[in-house]
Structure formats: C-alpha cells, structure tokens
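Me: Please take a close look at a single part of this model, one strand residue and what surrounds it. I would like one connected account rather than a list.

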Amino acid sequence: MIDEVDLLIDNARLRDELEPYRDDSIDDPTMRYMPLPVENEYLASILAWERAPALPIRDWFNPPLQIPSPESLDDDSLSSVLQRTIEKLKSQRIVLSCTDHLSDRELYRVIYRDILPCCEKKVAVEGNELEWRCVDDNETWLTYYADAVERRRFQEEHQIELPKARKPRYRRDAR
C-alpha cells in the first residue's frame with residue numbers, strides 16, 4: 001500500500017513540475033491504460049526532455065570534441081580518426097545509421113560538417129539514444145536501405161519508378 005501512495009505522490013509531483021510545459025503529450029489518452037510506475041517513468045522522461053539543454057553535439061563532451069578537418073588528413077589517418085570519433089559518439093549514446101553508402105571520407109565530412117555543430121537536446125535518460133541517419137534523400141534510402149515492403153509502399157504512395165535496389169559499397173558497424 002505504501003508503494004502505491006509513493007507512486008501517487010510522485011505522479012502528482014511530476015504533473016506539477018510538467019505544468020509549464022503542458023501539451024498533448026502529457027494528456028495522451030493512452031496514459032489512462034499505463035500502470036502507475038510506467039506512467040511516472042514516461043512523465044519523468046518528458047520532464048527530462050523539457051529541461052535538457054540544446055547544445056552543439058561537440059559540446060556534449062568534456063572537453064568539447066574537436067576533430068581535424070577532413071582536408072587535413074590522409075586516407076589512413078582519416079580512417080583511424082573516424083573510428084575513434086564514432087566510438088566517442090557512441091559513448092554519448094549517439095548512434096549513426098545508414099552509413100554504408102558513404103566512404104570513410106564522406107562519413108567523416110558528415111560528422112565534421114553536420115553532426116558535431118548541430119544543436120540537439122542532451123537528455124540524460126537511461127536507454128535514450130540520439131540516432132543520426134546519414135541519408136538525406138529518398139533515392140539513397142530507397143536504393144540502399146529500404147526493404148521490399150518499404151519500397152512497395154513508397155512506390156504506391158508516390159506513384160514513381162523506384163531506383164534499383166543495391167547493396168551499399170562500404171560495410172561498417174556504426175551502431
């Protein structure tokens with residue numbers, strides 16, 4: 001019984017703290033069917049999101065993550081720095097997906113130019129990851145990453161001819 005009372009008190013505190021941020025996500029009708037511990041976890045994650053600072057990803061590290069410009073590295077050095085950089089990103093729960101169509105140099109440029117300077121909320125919630133999809137157009141996604149069902153749905157929805165599906169040239173485990 002005491003646990004139930006503690007959960008109710010915690011729920012009320014979370015709802016009070018979330019009041020300034022109130023929107024549809026807090027009043028989600030599916031929450032009525034959540035067990036109280038799950039609802040409290042959900043509310044705590046929303047509160048963590050609302051309070052999280054938006055920082056350039058390079059500033060998520062202490063000291064800030066600085067990597068050499070792509071032009072300053074030869075191919076061997078670049079591959080080594082790329083692997084270390086991907087590991088550092090993973091240490092902050094930043095995972096890269098859809099990278100296999102990019103050469104090491106192209107992926108490094110994406111990290112250097114697009115990912116590290118990008119402002120994102122750093123949310124300290126266990127199990128939370130920031131996934132960075134390294135594909136920014138439908139043609140690349142359809143060519144290398146979409147499965148047969150996704151390709152068929154896309155074709156039906158957009159009434160276009162699809163690019164030929166191909167295997168990516170580079171295999172890496174960026175996750």
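Reply: Strands here are DSSP runs of E, at least two residues long, numbered from the N terminus. By that rule glutamate 120 belongs to strand S3, residues 119–121. The model is predicted, and what follows describes that model.

Glutamate 120 has a relative accessible area of 24%. Buried means under 20% and exposed over 50%, so this residue counts as partly exposed. Setting aside its neighbours within four places in sequence, glutamate 120 is in contact with Pro53, Ala54, Leu55, Ile57, Trp60, Leu130 and Trp132. Serine 77 is 43 residues from glutamate 120 along the chain, and their C-alpha atoms are 28 Å apart.

One of those contacts, Ile57, leads into the nonpolar interior. The largest nonpolar core has 23 residues, and Ile57, Leu89, Leu96, Leu107 and Ile111 touch the most other members. At least two residues of this core come from each of helix H3 (75–91), strand S2 (94–97), helix H4 (104–115) and strand S4 (130–133). Beyond four places in sequence, isoleucine 57 is in contact with Leu89, Ile94, Ile115, Leu116, Cys118, Glu120, Leu130 and Trp132. A separate core of 7 residues includes Cys98, Val135, Trp141 and Leu142.

Leu130 and Trp132, both in contact with glutamate 120, form the covered face of S4, while Glu131 and Arg133 form the uncovered one. In a regular strand the side chains alternate between the two faces of the sheet. S4 runs parallel to S2, with 4 bridges joining the two strands. In this pairing, isoleucine 94 stands opposite leucine 130.

Glutamate 120 also helps to line the largest pocket, together with Trp49, Trp60, Gln92, Arg93, Lys121, Lys122, Val123, Ala124, Asn128, Glu129 and Leu130. The volume of this pocket is about 180 Å³. Its lining is made up of 5 nonpolar, 2 polar and 5 charged residues. Trp60 and Leu130 thus appear both among the contacts of glutamate 120 and in the pocket lining.

Trp132, another contact of glutamate 120, is part of the lining of the second largest pocket, as are His101, Val110, Arg113 and Asp137, among others. H4 and S4 are the elements that give two or more residues to that lining, and H4 provides the largest share, 3 residues. This second pocket holds about 160 Å³ of space.

How values were computed: Residues are numbered from 1 along each chain as its sequence is written. This is a predicted model: local features need pLDDT of at least 70, side-chain atom pairs count only at pLDDT 80 or more; totals for chains, interfaces and linings use all residues. Side-chain values use heavy atoms; hydrogens and water are left out. A nonpolar core is a set of buried Ala, Val, Leu, Ile, Met, Phe, Trp, Tyr and Cys residues joined through side-chain atoms within 4.5 Å. Buried means under 20% relative accessible area, exposed over 50%, partly exposed in between (1.4 Å probe, protein chains only). Contact means heavy atoms within 4.5 Å. Two strands pair if DSSP finds at least two bridges between them. On a 1 Å grid over the protein atoms alone, a cavity is a set of points where a 1.4 Å probe fits but cannot get out, and a pocket is an open set with protein on both sides within 12 Å along at least five of seven lines; lining residues have an atom within 4 Å of a point. Grid points are joined across faces, edges and corners, and a volume is the space filled by probe spheres set on the points. Ala, Val, Leu, Ile, Met, Phe, Trp, Tyr, Cys and Pro count as nonpolar, Asp, Glu, Lys and Arg as charged, and the others, Gly among them, as polar.
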